[in-house]
Amino acid sequence: MREFATQAAPVSVDVPLISNQDVYMNIALIKEYHENMPRQQAERLAVHCLGRIGLEHIAYNRNPSLTLEERFGVMLLRAAMVKDAMILIDKPFELIPHLQDIQMITSMLKTIGDLYLSCHIYDYQWMQEKYGEL
Amino acid sequence: MKAFWEKLGRFAILIFEDSADTIVFAVRVFVRIFQRKTYSSAMREVLVNQIYFTSIQILPVFIIVSVFFGSLLIGIVFTMLKDLGLTEFIGHVLMGLIVTELSPFLTVLLVTLRSASAINTEMAVMKVNRELKTLETFRIDIVDYLLAPRVLNGIISIVLLSSLFSIVLLISGILFAKLIFGMNINVYTNIVLNSTHFSDIVLMLFKCAIYGFFITLIPIRFGLRASHELTSIPIAVSRGMVNVFAAIVIIEVLSLLIKLY
């Protein structure tokens, strides 16, 4: 794990969004800090990525006003902003408890497939049935 | 009696350790301010936002307070000087007391009440919400991203706002010099310029910078000391604010001592 330390991009309840920043800023922050991307370019990229998963309308909202699905989408995009991202989704059904199966998450992952290198989902053994054939 | 000395000793050690921690923390942040890698695009964005919140949003209230309070202060001081027959000292009093001492002091009080308390709460809330852990997880240095821009903003804002306060005071001085002493603008300007010492201005700006550094650094430090429980927020904020006011008094006393010797 240590060799992938710079690629690890967690999506977890233990890694919340920054609540005093807009949604787009949470996503753009990674590029702005690590790649020194200019603010406007990072903002455009974040809004564009939100649009790809149908969440463009929440770009200027803040964490407390988001639904669970929206929050998950933003956390996923933030993780995908890491260079050569190795997305680690920790207990996705803890983030969206009312979700019946993994369908919504896999479709989101497929939509932004070009933004990350690999994705690993970790969950308890007894949650296996929610994952179906995955 | 022995218990008393033990208690006193423990208290002294606590104060010493606390002060040493603050100095180490201050040095760490101070050094980062001068490192080029600190100034990432993300940090610059935070810095611009912080300057906007601290120096621009406060402007309407700040200008109203400085016009009313400054005019009142100038009026009282000029009237007293006239009553005491000390009219020839008007320039020295204006520059030595009002501009170099009271302007930074009143500015720092206003900014502390408005921004330092907000910074303290913001840091404590971020700690409680585990948002600082988020930054660490994504390998974002909190000194670079959160601390340095806020401290730098404190320095810039206090220097600028204090200068603005001084300008407002000097302008209202023109009016009161005319009303109280019947002095025209040219005479007033001459008196003020003759009483101005470059060293006083440098000392005032330096003091403003020190004020700005500590009134943002101390709230940040106490905010970061909050635990992961909501109940720790008010404790962190009240301790931070008490320490900020203690720091303001200490800086004021030290600057007076420096001026004295």
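What share of the 134 residues of chain A count as buried? I began with this question, and for chain A the figure came out at 34%. I note at the outset that I am reading a predicted model, and I keep that in mind for each entry below.

**Chain A as a whole**

I listed the secondary structure next and found five helices and three strands in chain A, which follow the pattern β-α-α-α-β-α-α-β when read along the sequence. The radius of gyration of chain A is 14 Å, close to the 14 Å that the globule rule gives for 134 residues, so I wrote chain A down as being as compact as a globular protein of that length. Taken along the principal axes, the box that the C-alpha atoms of chain A fill is roughly 45 × 35 × 25 Å. I then looked at how contacts are spread along the sequence, and of the contacts in chain A with a separation of 6 or more, 74% are accounted for by residues 24 or more positions apart.

**Two helices of chain A**

I turned to helix α1 of chain A, residues 23-34, and helix α3 of chain A, residues 68-80, which pack with their axes 8 Å apart and at an angle of about 20°. Because an angle under 35 degrees counts as roughly parallel, I recorded α1(A) and α3(A) as roughly parallel to each other. Their crossing is right-handed. On the α1(A) side I noted A:V23, A:N26, A:I27 and A:I30, and on the α3(A) side A:V74, A:L77 and A:R78, as the residues that make the contact. Sorted by class, the residues of this contact are five nonpolar, one polar and one charged.

**A:L76**

Staying with helix α3 of chain A, I looked up A:L76, which is found there. A:L76 has 26 C-beta neighbours inside 10 Å and therefore counts as buried, the cut-off being 20 or more. Leaving aside neighbours within four places in sequence, I found A:L76 in contact with A:V11 and A:M108. I also checked A:L76 against A:I112, and the two are 36 residues apart in sequence, with 9.3 Å from C-alpha to C-alpha.

**A:I87**

My next residue was A:I87, in strand β2 of chain A, residues 86-90. With 23 C-beta neighbours inside 10 Å, A:I87 counts as buried. Not counting residues up to four places away in sequence, A:I87 touches A:A9, A:V11, A:A79, A:A80, A:Y116 and A:C119. For one of these, A:V11, I looked up the spacing: A:I87 and A:V11 are 76 residues apart along the chain, and their C-alpha atoms are separated by 7.2 Å.

**Where the chains meet**

How many residues of chain A are in contact with chain B? I found 17 residues of chain A in contact with 14 residues of chain B. On the side of chain A that touches chain B, α1 and α2 (39-52) each supply at least two residues, and α1(A) gives the most, with four residues. By class, that side of chain A has 10 nonpolar, four polar and three charged residues.

**Chain B**

I closed with chain B, whose secondary structure comes to nine helices and zero strands. Along its principal axes, the C-alpha trace of chain B spans about 65 × 60 × 30 Å. Of its 261 residues, 36% count as buried. When I took the contacts in chain B between residues at least 6 apart in sequence, 86% of them joined residues at least 24 apart.

Methods. Residues are numbered from 1 along each chain as its sequence is written. Chains are lettered from A and ligands numbered from 1 in the order in which they are written. This is a predicted model: local features need pLDDT of at least 70, side-chain atom pairs count only at pLDDT 80 or more; totals for chains, interfaces and linings use all residues. Axes are lines fitted to C-alpha atoms, for helices over the stretch in contact, and angles run from 0 to 180 degrees between N-to-C directions. Angles under 35 degrees count as roughly parallel, over 145 as roughly antiparallel, 65 to 115 as roughly perpendicular and the rest as oblique. A crossing is left-handed if the near helix is turned anticlockwise from the far one by less than a right angle, and right-handed if clockwise. Two residues are in contact if their C-beta atoms, placed from the backbone, lie within 7 Å. Ala, Val, Leu, Ile, Met, Phe, Trp, Tyr, Cys and Pro count as nonpolar, Asp, Glu, Lys and Arg as charged, and the others, Gly among them, as polar. A residue is buried if 20 or more other C-beta atoms lie within 10 Å of its own, exposed if 12 or fewer, and partly exposed in between; C-beta atoms are placed from the backbone. The radius of gyration is taken over C-alpha atoms; the globule rule is 2.2 Å times the number of residues to the power 0.38.
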